[in-house]
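Here is a short tour to read alongside the sequence and the 3D view. Shall we look at the backbone first and then turn to the ligand?

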Amino acid sequence: MSTPTQQNALLLLAKQGDFAVQTRPVPSPGPGELLVRNEASGLNPVDWKIQAYGLFIKDYPAVLGTDAAGVIVAVGEGVPTWKVGDKVLYEGRRPNDRATFQKYALVDADFVSQIPDTLTFEQAASIPLALTTAAVGLYNQAGGPRFTPPWVEGSRFKYAGPMVVIGGSSVVGSLALQLSRLSGFSPIITTASLKNAELLTGFGATHVLDRNLSASALREQVFELAGGAVPVVYDAISLPDTQNAAFDLLGKDGKLLTLLAPAVDEDKQKNANGRTVVSVAGHILRPENQDFGRVLFSKLTGLLKNGDLKPLHVDIIPGGLAGIPIGLDKLKNNQVSASKVVVQPQETA
Ligand SMILES: NC(=O)c1ccc[n+]([C@@H]2O[C@H](COP(=O)([O-])OP(=O)(O)OC[C@H]3O[C@@H](n4cnc5c(N)ncnc54)[C@H](OP(=O)(O)O)[C@@H]3O)[C@@H](O)[C@H]2O)c1
């Protein structure tokens, strides 16, 4: 199949404006780059937040999207490791040529992983940003715990002791659970709707607590299961109420990893006893994450192949790129539970 010169893309037309499927050029890969035909693109909460609040993007129209899986259709100079036809997953970068809400996108050859035969494109697209965000938080974030990753020789199951993941059924939370299991933490305590308990146990949670518990009931149950306060909480939800409840679970010098802006009450922080709130910046292409990310992407195929990391359930929205605004509304309206919302860009009419 030859690569076209023009393609469909979902464009955010203006700051806080509408999305529309339009035509734009297919980019060519430069040195060290690949061109990927996106067979599945994953949606993230940040995509609706960018539209609703006018975040991050300076120039419009703009292509968004940070998760995808597809097939390499062109290889730039100096890339001996990949060939046309390889099936890969990758973390995209907005806006435009490297973003994933379009049929074809560019990606740096160092930040892709081969998709094992056991995974569909849609399952593969559920992984990149959630994995990198979970992994950066646990292993690479400045100010964070900086545990040694389980893919470093001799470091699998290196740790003992408790880990708490708030929101284990979120996409990021489910990867944080799986990494916590590979790192050896126990017990691994998480919060979610209890209908998701069995799924989360499969991801490594030893205890699934009802997400609707009051902060004090949560504290009581976590302390009982963990034998006291815990050193690290990964808050994969990071709303003010979860951050405040999570902060109360920490012992002296404990670390709360958050995915949104810190929102722990000032009076709690005044009596912090060494406890800190650490914002996780999960994008793997940030300069401080790139060395870490190269290794992670080189190890990922193996981790997926042997089942160390499992993909999430996927919720496929029909209509190709035109389905993205429908999927973003589902995310915005909290209608997604324990699933990654994906579209199939090649289905775009
Ligand atoms: N900082 C970064 O680099 C970065 C990167 C990626 C994402 N994020 C942010 O991280 C957050 C999570 O993203 P995501 O894609 O993982 O979300 P998601 O999968 O869309 O979140 C939906 C899930 O959240 C769970 N949930 C919602 N409120 C909860 C609560 N109060 N307690 C426990 N669970 C709750 C739901 O659980 P149940 O269905 O079980 O009730 C549902 O499964 C978003 O705000 C996103 O913008 C930040």
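Where is the place of F56? F56 sits in the loop between helix 1 and strand 4. Please keep in mind throughout that this is a predicted model.

## Two positive phi angles

F56 is a good residue to start with, as its phi is near 65°, a positive value in a residue other than glycine. Is F56 buried or exposed? With a relative accessible area of 56%, F56 is exposed, because the cut-off for that class is over 50%.

D253 is not a glycine either, and it has a positive phi of about 65°. This residue is found in strand 13, which covers residues 250-258. D253 has a relative accessibility of 46% and so counts as partly exposed.

## Two cis peptide bonds

Now for the prolines. Y60 and P61 are joined by a cis peptide bond, with omega at about -5°. P61 lies in the loop between helix 1 and strand 4 (62-63), and that loop is also where F56 is placed.

Another cis peptide bond runs from R94 to P95, and its omega is near -5°. To find P95, look in the loop between strand 6 (87-91) and strand 7 (104-108).

## Contacts with the ligand

How many residues surround the ligand? There are 27, and the closest are S169, S193, R211, V280 and S337. For S169, an N or O atom of the side chain is 2.6 Å from an oxygen atom of the ligand. R211 also offers a side-chain N or O atom, 2.7 Å from an oxygen atom of the ligand. At V171 the partner is a polar backbone atom, and an oxygen atom of the ligand is 2.8 Å from it. Taken alone the ligand exposes 950 Å², and the protein buries 86% of that.

## Where the shell comes from

Several elements give two or more residues to the shell around the ligand: helix 1 (45-53), helix 3 (128-140), helix 4 (171-183) and strand 10 (188-192). Helix 1 provides the largest share, with 3 residues. Sorted by class, the shell has 15 nonpolar, 10 polar and 2 charged residues.

Why does the ligand lie between domain 1 and domain 2? Domain 1 (6-127 + 311-347) and domain 2 (131-279) both give residues to the shell, so the ligand lies between them.

Notes:
Residues numbered from 1 in each chain as written. Predicted model: local features only at pLDDT ≥ 70, side-chain atom pairs only at ≥ 80, totals over all residues. Heavy atoms only, no water. Near = heavy atom within 4 Å. Polar contact = N/O pair within 3.5 Å; in protein donor to acceptor, adjacent residues only side chain to side chain. Areas by Shrake-Rupley, 256 points an atom, 1.4 Å probe, with all protein chains shown as cover. Helix = DSSP H or I, 4+ residues; strand = E, 2+ residues; numbered from the N terminus. Nonpolar A, V, L, I, M, F, W, Y, C, P; charged D, E, K, R; others polar. Domains from an automatic or database assignment. Buried < 20%, exposed > 50% of the residue type's maximum accessible area, 1.4 Å probe, protein only.
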